[in-house]
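User: Hi! Could you walk me through this structure with some questions and answers?

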Amino acid sequence: MNNSTKPLLALTLGDPSGIGPEVVVKALADREVNDSARMFVVGTEQVVRQATAEVGIDVPIECITAPEQTPDSTEVISVLSIGDYEDFEFPQGQHSTDSGRASHLWVETAANLCLTGDIDAMITAPVNKESWQMSGAADLGHQEVFKRLTNSSTVYTMLVSGILRCMHLSTHKSLPEACAFVTTENILTAVRITDENFKRWGFRNPRIAVAALNPHASDNGLIGDTEATEIAPAIEAARLGGINATGPHPADSVFNQAIDGMYDVVVVMYHDQGHIPIKVHGFEESVSVNLGIPFIRTSVDHGTAFDIAGKNMAQSTSMVEAIKLGVALATRRGIA
């Protein structure tokens, strides 16, 4: 249990063959970020030491054996070394069975620490799904790990870039599958979970805009009927339950309205409907958050970038923003 006034966060290194270690150590060198929380890295001391050398950061690195050993000092990087990987030479810039196996273990470890209450949140660097598959991991990615460990029926993804927040009804589904997933039951569940999480994070009365699926919100049935048959009934049921939800809003206008401050979050119907506005609005600053799990997990919104791994070319902006968001959620200061 964290007895400090600062939240205690675990940062997973991600795939050690990618840019994860680099963005983690660069973010930890940001004094504003470092002063906001007690943080430790889940990975290996050797990988962290290599990353600090590559980017020219001169800071002491120490191993800890339990989260509570993490100091308040910002002058040291604490590493919780899990697994027998300290002597491994992970290849940079390529898929690796060892990298997949290690990064999967580090994610599981941080998630379990969240579940036992030993830490207040976890922040993840990118993993590589192909390397996980090579390692024999049964989980496709982060969300599958969390769903399995928590027995959650559904794990949702919300992307955040500044004031714009997009909660996704579905993510990695083909477009026909995503459209078929737009049902009253699924939308109502997503809206309820959104409302619950935002209230937990410090919003008293979250303003939830629900996006339409069809162009112009179907133009009163001229372009499809999903809005009338599925989306509107879900919104009405949510409102009857005391949730401040509105819509269906045309997707070509709702995001600008959210950026202007009219809404706290937009529930979008499929992957690209939410990802495109987020990445156009602020690509480098975008952060991923999971809803539907009983702990806080934020993440960078980029991949392992094998092509620039080990070259001191990766920007840490998304990791910095993921840490800031993790701190804000853990301290119930909302996510503005």
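**Burial, sheet and helix packing**

Analyst: Happy to! C114 is buried, at a relative accessible area of 9%. Please keep in mind that the model is predicted.

User: Which helix holds C114, and which residues is C114 in contact with beyond four places in sequence?

Analyst: The place of C114 is in helix α4, which covers residues 97-115. Leaving aside neighbours within four places in sequence, the contacts of C114 are I119, A121, M122, F295 and I296.

User: How far apart are the C-alpha atoms of C114 and L9?

Analyst: Along the chain, C114 and L9 are 105 residues apart. In space, their C-alpha atoms are separated by 9.2 Å.

User: Is E108 buried or exposed?

Analyst: E108 also has its place in helix α4. Not counting residues up to four places away in sequence, E108 touches V145, R148 and L149. The cut-off for buried is under 20% relative accessible area. E108 has 19% relative accessibility, so E108 counts as buried.

User: Why does C179 form no bond with the closest cysteine sulfur?

Analyst: A disulfide needs two cysteine sulfur atoms within 2.5 Å. The closest cysteine sulfur to that of C179 is in C166, and C179 forms no bond with it because the distance is too far, at 17 Å.

User: How many disulfides are there in the whole structure?

Analyst: The search covers the whole structure, beyond the case of C179. The number of disulfides it finds is zero.

User: What is the relative accessible area of C179?

Analyst: Partly exposed lies between the buried limit of 20% and the exposed limit of 50%. C179 is partly exposed, with a relative accessible area of 32%.

User: Which strands stand at the edges of the sheet?

Analyst: The open sheet has 12 strands with mixed pairing, in the order β3-β4-β2-β1-β5-β12-β11-β6-β7-β10-β8-β9. An edge strand has a single partner, so one side of it is left without a neighbour in the sheet. The strands at the edges are β3 (61-64) and β9 (245-249).

User: What does the twist average from one strand to the next?

Analyst: This value describes the twist of the sheet from one strand to the next. The average is 30 degrees.

User: Which residues stand opposite V266 in β10?

Analyst: Strand β10 (residues 265-268) runs parallel to β7 (residues 164-168), joined by three bridges. Three bridges also join β10 to β8 (residues 208-211), again in parallel. Opposite V266 stand C166 and A209.

User: Which residues of β10 are buried on each face?

Analyst: Both faces of β10 are covered. V265 and V267 are buried on one side, and on the other the buried residues are V266 and V268.

User: Which residue in β10 is the bridge partner of H168?

Analyst: H168 lies in β7, the strand spanning residues 164-168. The bridge partner of H168 in β10 is V268.

User: How are α1 and α3 placed relative to each other?

Analyst: The axes of α1 (residues 20-28) and α3 (residues 45-55) come within 9 Å and cross at roughly 70 degrees. Angles of 65 to 115 degrees count as roughly perpendicular. The two helices, α1 and α3, are therefore roughly perpendicular.

User: How many nonpolar, polar and charged residues make up the contact of α1 with α3?

Analyst: From α1 come P21, E22, V25 and K26, which meet V47, V48, A51, T52 and V55 of α3. By class, this contact has six nonpolar, one polar and two charged residues.

Conventions:
Residues numbered from 1 in each chain as written. Predicted model: local features only at pLDDT ≥ 70, side-chain atom pairs only at ≥ 80, totals over all residues. Heavy atoms only, no water. Buried < 20%, exposed > 50% of the residue type's maximum accessible area, 1.4 Å probe, protein only. Contact = heavy atoms within 4.5 Å. Axes fitted to C-alpha atoms, helices over the stretch in contact; angles between N-to-C directions. Parallel < 35°, antiparallel > 145°, perpendicular 65-115°, else oblique. Nonpolar A, V, L, I, M, F, W, Y, C, P; charged D, E, K, R; others polar. Pairing = 2+ DSSP bridges.
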